[in-house]
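Dear colleague,

I am handing over the structure below for your consideration. My notes on its disulfide bonds follow.

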Amino acid sequence: CEPGCNCHGDLKLAICAGRLLTHLPLRIPPTTELLDLSDNNISVIPQHSFSRSRKLRVLLLQNNNISAVEDGGFAQLEFLQKLDLSWNRIFSLTEGFSLGLAFLRELQLAHNRLTSLDSRSFLHLDGLQRLNLSSNSIHTIQVRSFSSMSTLRQLHLEDNRMTALRSGIFSMLRSLEVLNLAGNRISETDPGVFKPLTSMTLLNLVGNQLSTVYFKTFLNIHTYSTHILMQGNPWNCDCD
């Protein structure tokens, strides 16, 4: 086991949290399924970083100084189900970021420095069910940014800098149940933007800049029961 880490072979976990590590540890037992590297000073995830830890199911990297994930940094983690990268300094996601993560179920990227998303950002995350992108600086989401995520159930985009929701940005999210857009700067919504979301049960638009919304925008939501939260917007109620 890496000096400074606590490895429990019988429990298949390794705890290296709060050890002031600046690089990823090399001596982690190959049978480890949970690796906690939170609260350190790691700044880069190099290519093929986890080639000796292929059985990992949970990888915790929150509250480090990570600004870059090299292409294929997680490529060997074919069994990984949860990846926590929240509270870091990641400002972009390349196509190689998600290589090898087809079976990932939960990805935490809250409190980073992301500003935009495109079709390459999550290209290989076919099995993802929960994605947390809250508290970044996202102002642009291109069409098909989430196109590989047909199994996604929760998408958290609260506390970003989005000003408009354009048709096509949520295409292919037919399994999405929760969409949280609270605390942005949204003042415009295309009428068909929510139409692909045929499983949605909760839509949170609290605390944006909406003054008017076309009735057709919500008429296009074809789920049996959807709760829509809209308080805290500067509504213009002129009954037109």
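What is the handedness of the disulfide of Cys5 and Cys16, and why? The torsion about their S-S bond is about 120°, so this disulfide is right-handed. The pair connects distant parts of the chain, with the two positions eleven residues apart in the sense of being eleven residues apart. Cys5 belongs to the segment before strand S1 (6-8), while Cys16 sits in the loop between strand S2 (13-15) and strand S3 (34-36). Please bear in mind that the model is predicted.

The sulfur atoms of Cys5 and Cys16 lie 2.1 Å from each other. As for accessibility, Cys5 has a relative value of 10% and therefore counts as buried, because the buried class covers anything under 20%. Cys16, at 0%, is likewise buried.

The structure holds two disulfides, and the other one joins Cys1 to Cys7. Here the S to S distance is 1.9 Å. The link of Cys1 and Cys7 is also right-handed, with 65° about the S-S bond.

Are the cysteines of this link buried, exposed or partly exposed? Cys1 has a relative accessible area of 41% and is partly exposed. Cys7 is partly exposed too, with a relative accessible area of 24%; the class applies because this value falls between the 20% and 50% limits.

Finally, when the bonded cysteines of the protein are numbered in sequence order, the pairing reads 1-3, 2-4.

With kind regards

Definitions and conventions
Residues are numbered from 1 along each chain as its sequence is written. This is a predicted model: local features need pLDDT of at least 70, side-chain atom pairs count only at pLDDT 80 or more; totals for chains, interfaces and linings use all residues. Side-chain values use heavy atoms; hydrogens and water are left out. A disulfide is a pair of cysteine sulfur atoms within 2.5 Å. Buried means under 20% relative accessible area, exposed over 50%, partly exposed in between (1.4 Å probe, protein chains only). Helices (H or I, at least four residues) and strands (E, at least two) are DSSP runs, numbered from the N terminus.
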